[in-house]
Structure formats: C-alpha cells, structure tokens
Amino acid sequence: MKYNILIAEDDADIVELLALYLDSADYRVFTAYDGIEALDIIKHEDIDVALVDIMMPRMNGYEFIKEARLISDIPMMIISARNQDVDKIMGLDIGADAYISKPFNPLEVIAYIKALLRRYSTHRLAKEKEVLKLGELELDMEKFILRKNGLVLPLTLTELKIVAKMMKTPERVYTKAQLYECINGEWYESDDNTMMVHISNIRSKIEDDPAQPQYIKTVRGLGYKIENKKKSKY
C-alpha cells in the first residue's frame with residue numbers, strides 16, 4: 001500500500017528535500033505552501049500523515065491543525081524552527097501527534113512517519129467499517145467526508161453533521177429542532193429558517209436536481225428524512 005503524505009511548508013527547499021526522501025521511501029507526496037491550501041488538500045484527498053510547519057502564510061500551522069482536526073483524525077507531525085517547550089506543548093495540545101525541531105534529519109522524519117502509521121493501523125482497521133452508504137452516497141465517518149459516485153462533495157462541517165444524523169437512520173423523519181440539536185445541542189425558534197437554508201445547501205450539493213430531490217425529502221408539517229434514491233417504488 002502506498003501512503004499519501006502531505007507536506008504543509010512554505011520553504012521550497014525544505015519541501016524539495018522532504019519530497020525527495022519521501023518519494024525514495026515509496027510514499028506519495030502532496031505539497032501545500034500555506035495552511036489554506038493544505039486544508040483544501042485534507043478535505044479532498046485521502047491523506048495518511050500530514051507534516052506541518054508552524055509559520056505559514058494565510059493560515060499558520062496551529063490554525064491549520066485546529067481546522068483539520070474538525071474533519072480528520074489523521075496523524076499530524078509539526079516540523080518547525082520554533083523549538084521552545086511552550087511551542088511544542090501548544091502544538092501537541094491542539095492535536096499534533098509529534099513535534100520535530102529544525103534543522104532535522106530527513107531519515108528521522110521517515111522513522112516518525114512509519115511509527116505514526118504503525119500506531120494508527122489498528123485504529124484505522126477498526127474504523128474501516130464505519131462507512132455509511134445510501135444509493136450513490138458514501139459517508140466516511142473516520143475522515144468525515146461525503147462522496148457521491150466516488151467524488152468528494154464540498155459540504156461544510158455543519159452540513160456533514162446533518163447528513164450523518166439522517167444517513168444513520170434512513171427513512172426516519174427528523175424535525176428541524178432534532179436536526180439542529182445535532183449541531184450544537186440547542187434549538188431556538190429563530191433557527192427555523194436557518195435549518196431550511198442548511199437543507200437547501202445540502203440538496204444543491206448532493207442532488208442531481210435540487211428542485212426534485214431524490215435523497216432528502218420534506219415531510220410536510222413534520223420535517224425531513226433521507227431516502228435511498230435507488231429504492232424500488234414497488
């Protein structure tokens with residue numbers, strides 16, 4: 001199996017060095033030169049380990065890890081010139097699995113990657129079955145990614161939470177209050193229109209024709225439910 005490694009680093013020389021060693025070790029390499037680009041890759045590619053610099057433009061490494069942890073639990077290793085204990089503690093506290101200071105030995109990085117992959121292998125195998133399937137839709141509960149016919153759909157975290165709740169129990173009707181509570185645990189009357197907007201946005205992303213939805217159906221006077229569009233009518 002060829003693992004996918006993301007290098008999130010704005011120093012082109014370091015990216016080139018790491019990519020050279022990773023490629024020699026038979027890893028597939030993805031590169032990003034800022035946190036926003038790295039986050040986009042995490043959302044749309046099956047990354048196995050992320051190597052993250054702290055000082056990056058647009059979105060720094062700390063911010064990237066915080067955002068990435070909302071959608072993924074892949075191993076993340078910080079590689080940074082900041083070598084104070086407070087930096088290491090902060091990095092580990094926000095979700096990094098390891099911290100290496102620059103300058104570094106590329107072979108040490110490879111060794112860390114192998115260790116992280118071994119550590120997470122059992123966890124990944126346990127998670128493999130946590131995939132919800134409905135018609136052309138497939139929700140990966142480990143990486144929290146929704147695919148349609150194999151293609152990743154660009155749902156927000158809030159939209160994914162709503163879809164996950166519905167896909168766990170197809171055909172069950174949920175009120176707007178029940179769906180909203182799965183987001184933040186609370187419901188207010190003023191949230192009624194907000195939920196309608198969320199459902200509209202979800203339909204625009206998962207339905208072939210949002211005006212004639214085949215998955216998310218409105219149950220008049222009650223709420224919404226999700227159906228298998230390939231289900232027989234008879």
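**A sheet, its helices and two spaces**

This structure, a predicted model, holds one cavity of 30 Å³ or more. The space inside this largest cavity comes to about 60 Å³. Its lining is made up of Ile42, Lys43, Glu45, Ile47, Ile71, Ser72, Ile74, Lys143 and Ile145. Sorted by class, the lining of the largest cavity has five nonpolar residues, three charged ones and one polar one. How is such a space found? Rolling a probe the size of a water molecule over the atoms shows where empty space is left. In a cavity the probe fits but cannot get out, whereas a pocket is an open set of points.

The pockets come next. The second largest pocket contains about 250 Å³ of space. It is lined by 16 residues, and those nearest its centre are Lys43, Ile71, Leu155, Thr156 and Leu157. Two of these names, Lys43 and Ile71, also appear in the lining of the largest cavity. Helix H2 (35–44), strand E8 (145–148) and helix H6 (157–168) each give two or more residues to the lining of the second largest pocket. Which element gives the largest share of this lining? That element is H2, with three residues. By class, the lining of the second largest pocket has 12 nonpolar residues, along with two polar and two charged ones.

Now turn to the sheet. Five strands form an open sheet with parallel pairing, and their order is E2-E1-E3-E4-E5. At the edges stand strand E2 (28–32) and strand E5 (98–101), each of which pairs on one side only. On average, and with direction ignored, neighbouring strands of this sheet are turned by 20 degrees against each other.

One pair can be followed in detail. Strand E4, residues 76–80, pairs with E5 in the parallel sense, over four bridges. Within this pair, Ile78 has Tyr99 of E5 as its bridge partner.

Helices lie across this sheet. Helix H1 (residues 12–24) lies across strand E1 (4–8), E2, strand E3 (49–52) and E4. The direction of H1 is at about 170 degrees to that of E1. Helix H3, residues 61–68, lies across E1, E3 and E4. With respect to E4, H3 runs at about 175 degrees. What do these angles say about direction? Angles run from 0 to 180 degrees between N-to-C directions, so H1 at about 170 degrees to E1 runs in nearly the opposite direction. The angle of H3 to E4, about 175 degrees, is read in the same way.

Notes
Residues are numbered from 1 along each chain as its sequence is written. This is a predicted model: local features need pLDDT of at least 70, side-chain atom pairs count only at pLDDT 80 or more; totals for chains, interfaces and linings use all residues. Side-chain values use heavy atoms; hydrogens and water are left out. Two strands pair if DSSP finds at least two bridges between them. Contact means heavy atoms within 4.5 Å. On a 1 Å grid over the protein atoms alone, a cavity is a set of points where a 1.4 Å probe fits but cannot get out, and a pocket is an open set with protein on both sides within 12 Å along at least five of seven lines; lining residues have an atom within 4 Å of a point. Grid points are joined across faces, edges and corners, and a volume is the space filled by probe spheres set on the points. Ala, Val, Leu, Ile, Met, Phe, Trp, Tyr, Cys and Pro count as nonpolar, Asp, Glu, Lys and Arg as charged, and the others, Gly among them, as polar.
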